[in-house]
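This report looks at charged pairs, a nonpolar surface patch and aromatic rings, taking each in turn.

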Amino acid sequence: MNPIFQNKLHTKALSSVIGDDYTIYSVIVFSERCTLKKVSVSDNRIKVINRSYLNYAIQELSLLTTNYITQSKVDDIYNLLYPYSQVTEEIKAKHIDDIKINHIINQNVDKNDVVEDIMEKAITDNQENETA
């Protein structure tokens, strides 16, 4: 799935949990092994960068706001989000499979390749569970 689109879905989910009172800045970071070609983003709250530009991007985004949140609000947001980080590996795997399936539905992808990947993972998971 397109990382920028996937990140957009994640920020929507984040907003649905913490509310619309906070501005969410997105920094989508790729390793230096990736070459970013013609990435155009029209929203100045979103950065698509290589890792070497991370500090610069954070500094640039920090200049966009004058409305910083307090440590108490950071703690409140942390407490809201923490339960979402406490999921099993099984739930994480299902989430990834759901993304792949939605990608098939929304894109013109070779369905056989993705179905094979999902089936192979299910077989591997089943074998690991049997040996455990």
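## Salt bridges: rule and count

A salt bridge is taken here as a side-chain nitrogen of Lys or Arg within 4 Å of a carboxyl oxygen of Asp or Glu. Applied to this predicted model, that rule gives a count of four salt bridges. Side chains of opposite charge can pair when their charged atoms come close. Among the four are the pairs described below.

## A pair between strand and helix

K47 and E60 form a salt bridge in which the closest N and O atoms are 2.5 Å apart. This pair links distant parts of the chain, since K47 belongs to strand β2 (residues 46-50) and E60 to helix α2 (residues 54-62), with their positions 13 residues apart in numbering. K47 has a relative accessibility of 17% and therefore counts as buried, the cut-off for that class being under 20%. E60, by contrast, has a relative accessible area of 27% and is partly exposed.

## Pairs D43–R45 and E89–K92

D43 forms a salt bridge with R45, and the closest N and O atoms of this pair lie 2.9 Å apart. D43 is partly exposed at 23% relative accessibility, and R45 is likewise partly exposed, with a relative accessible area of 35%.

Within helix α4 (residues 89-106), E89 and K92 are three residues apart, which is about one turn of the helix. These two residues form a salt bridge whose closest N and O atoms are 3.3 Å apart. E89 has a relative accessible area of 58% and so is exposed, whereas K92, at 37%, counts as partly exposed.

## A nonpolar surface patch

On the surface, I4, V39 and V41 form a nonpolar patch, and together they have about 190 Å² of accessible area. One of its members, V39, is located in the loop between β1 (26-30) and β2. With a relative accessible area of 38%, V39 is partly exposed, and it can be counted in the patch because its value is over the 30% that membership requires.

## The aromatic pair

The structure contains one aromatic pair. The ring centres of Y78 and Y82 are 5.6 Å apart and the ring planes stand at 40°, so the pair is classed as tilted. Both tyrosines lie in helix α3 (residues 71-85), where they are four residues apart, or about one turn of the helix. Y78 is partly exposed, with a relative accessible area of 48%, and Y82 is also partly exposed, at 40% relative accessibility.

Conventions:
Residues numbered from 1 in each chain as written. Predicted model: local features only at pLDDT ≥ 70, side-chain atom pairs only at ≥ 80, totals over all residues. Heavy atoms only, no water. Buried < 20%, exposed > 50% of the residue type's maximum accessible area, 1.4 Å probe, protein only. Helix = DSSP H or I, 4+ residues; strand = E, 2+ residues; numbered from the N terminus. Patch = residues over 30% accessible without salt bridge, like charges linked within 9 Å, V, L, I, M, F, W, Y side chains within 5 Å. Areas by Shrake-Rupley, 256 points an atom, 1.4 Å probe, with all protein chains shown as cover. Phe/Tyr/Trp six-rings, centres within 6.5 Å; stacked < 30°, edge-to-face > 60°.
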